[in-house]
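Biologist: Got a few minutes to go through this one with me? Pull it up and I'll start asking.

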Amino acid sequence: MVRIDEIQDPNAEHHKSAYLIILKGPKAGKNLKIEKEELTLGRSMDADVLLDNEGVSRRHARILKEGDTYWLEDLGSTNGVFVNGEKLDRTKLFDGDRIQIGTNVLFKFTFQDELEEQYQRQLYEQATKDALTGIHNKKYFVDHLKKEFAYAFRHHEPLSLILFDIDFFKKVNDTYGHLAGDYVLKELAGTVKEALRQEDLFARYGGEEFAVVLKNTDKNHALLIAERLRAMIESQSFHFDGNDMDVTISLGASTLFERNFATPVLLVQEADNFLYEAKTGGRNRVMPRHHNN
């Protein structure tokens, strides 16, 4: 829950800024502050707000600030711009307006002060982050993977997925207690997060299982990354309450390449199958084996 003591004095006066809150689509709940005189929305990589959705045109719409007034303009999109359900080419925006871009992306235009923005940000963090480890949760992972899979599939780019879990994690909890188990989860998550690129997604998939989504990464590079993560955890020192714990992980990887998987679910199933092979094959290993192994 949002902590009251983390919120600023509600009696203080705050300047209000314009925001877009994503109501529907990838990253629903995210708060986007409008800080430019002209903000473009579309599927193009150079759009200010990138909307990777098939129903969105490359340069779909823009928001213009003129003095204290904000205007929304359709930039000749295929599927149109709707404000409160009405299709419009250009309109003045008012606090609370609902903006539909294409077929599946919905925003709320609103004015917020720092207090309201902080509250909205905390709600989004709670909805998308794992409370224990601070990394993304399963729901965010599923939504993110769908978006990245659709983009990679459409553009014929490789996309790799690594699933891994902690070997004999139940034994850690049974031997050293659940606080020690929580410590291992947090320390491991911090180590892995630091080892990944900023554009990679790292999420807690459930319990002691984790997922890594690697954009524009082929099979060989994904296996090299998986092996690097395995070796890092094996060599890391886990020390809690006077006890030294040996921790290892088993990993399975799969790669979308030239549309070899029809859906993200199949990509996950492949990685999960290889994770199972790694565990039944002795643990503390990566499957499939790298061709140099």
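Biologist: Which handedness does the crossing of H2 and H6 have, left-handed or right-handed?

Modeller: Bear in mind that this is a predicted model. The helices in play are H2, residues 138-155, and H6, residues 264-280, whose axes come within 9 Å. As for the sense of their crossing, it's right-handed.

Biologist: And are H2 and H6 roughly parallel or roughly perpendicular to each other?

Modeller: Their axes cross at roughly 110°. Angles from 65 to 115 degrees fall in the perpendicular class. So H2 and H6 are roughly perpendicular.

Biologist: What is the make-up by class of the contact of H2 with H6?

Modeller: H2 brings Phe141, Leu145, Lys146 and Phe149 to the contact, while H6 brings Pro264, Leu267 and Val268. Lys counts as charged, and Phe, Leu, Pro and Val count as nonpolar. The tally is six nonpolar, no polar and one charged.

Biologist: On to charges. How many residues apart are Asp52 and Arg154, the pair that links distant parts of the chain?

Modeller: Their side chains form a salt bridge, with N to O at 2.3 Å. Asp52 sits in the loop between strand E4 (49-50) and strand E5 (61-66), and Arg154 belongs to helix H2. Asp52 has a relative accessible area of 15%, so it counts as buried. Along the chain, the two partners are 102 residues apart.

Biologist: What about Glu73, buried or exposed?

Modeller: Glu73 is in strand E6 (residues 69-74), and its partner Arg90 is 17 residues away in strand E9 (residues 90-92). The closest N and O atoms of that salt bridge are 2.3 Å apart. Arg90 is partly exposed at 39% relative accessible area. Glu73 comes out at 13%, below the 20% cut-off, so the word for Glu73 is buried.

Biologist: Why are Glu227 and Arg230 separated by about one helical turn, and how far apart are their closest N and O atoms?

Modeller: Both residues lie in helix H5 (residues 219-235), and they are about one turn apart because three residues separate them. Glu227 is partly exposed at 32% relative accessible area, whereas Arg230 is buried at 11%. Salt bridges with shared partners also join a set of other residues into one network: Glu38, Arg62, Glu66, Glu73 and Arg90. Back to Glu227 and Arg230, their closest N and O atoms are separated by 2.8 Å.

Biologist: How many salt bridges does the structure hold?

Modeller: The pairs we've gone through include Asp52 with Arg154 and Arg90 with Glu73. Glu227 with Arg230 is another of them. For the whole structure, the count is 20.

Biologist: Which residues does Ser17 touch, leaving out those up to four places away in sequence?

Modeller: Ser17 is in strand E1, which covers residues 17-24. Its relative accessible area is 15%, so Ser17 is buried. With sequence neighbours left out, the residues it touches are Lys33, Thr110, Phe111 and Gln112.

Biologist: Last one: what distance separates the C-alpha atoms of Asn79 and Thr103?

Modeller: Asn79 lies in the loop between E6 and strand E7 (81-83), and it is partly exposed at 31% relative accessible area. Beyond its sequence neighbours, Asn79 touches Gly55, His60, Gly102 and Thr103. Thr103 is 24 residues from Asn79 along the chain, and the C-alpha separation is 7.0 Å.

Note on methods
Residues are numbered from 1 along each chain as its sequence is written. This is a predicted model: local features need pLDDT of at least 70, side-chain atom pairs count only at pLDDT 80 or more; totals for chains, interfaces and linings use all residues. Side-chain values use heavy atoms; hydrogens and water are left out. Axes are lines fitted to C-alpha atoms, for helices over the stretch in contact, and angles run from 0 to 180 degrees between N-to-C directions. Helices (H or I, at least four residues) and strands (E, at least two) are DSSP runs, numbered from the N terminus. Angles under 35 degrees count as roughly parallel, over 145 as roughly antiparallel, 65 to 115 as roughly perpendicular and the rest as oblique. A crossing is left-handed if the near helix is turned anticlockwise from the far one by less than a right angle, and right-handed if clockwise. Contact means heavy atoms within 4.5 Å. A salt bridge is a side-chain nitrogen of Lys or Arg within 4 Å of a carboxyl oxygen of Asp or Glu. Buried means under 20% relative accessible area, exposed over 50%, partly exposed in between (1.4 Å probe, protein chains only).
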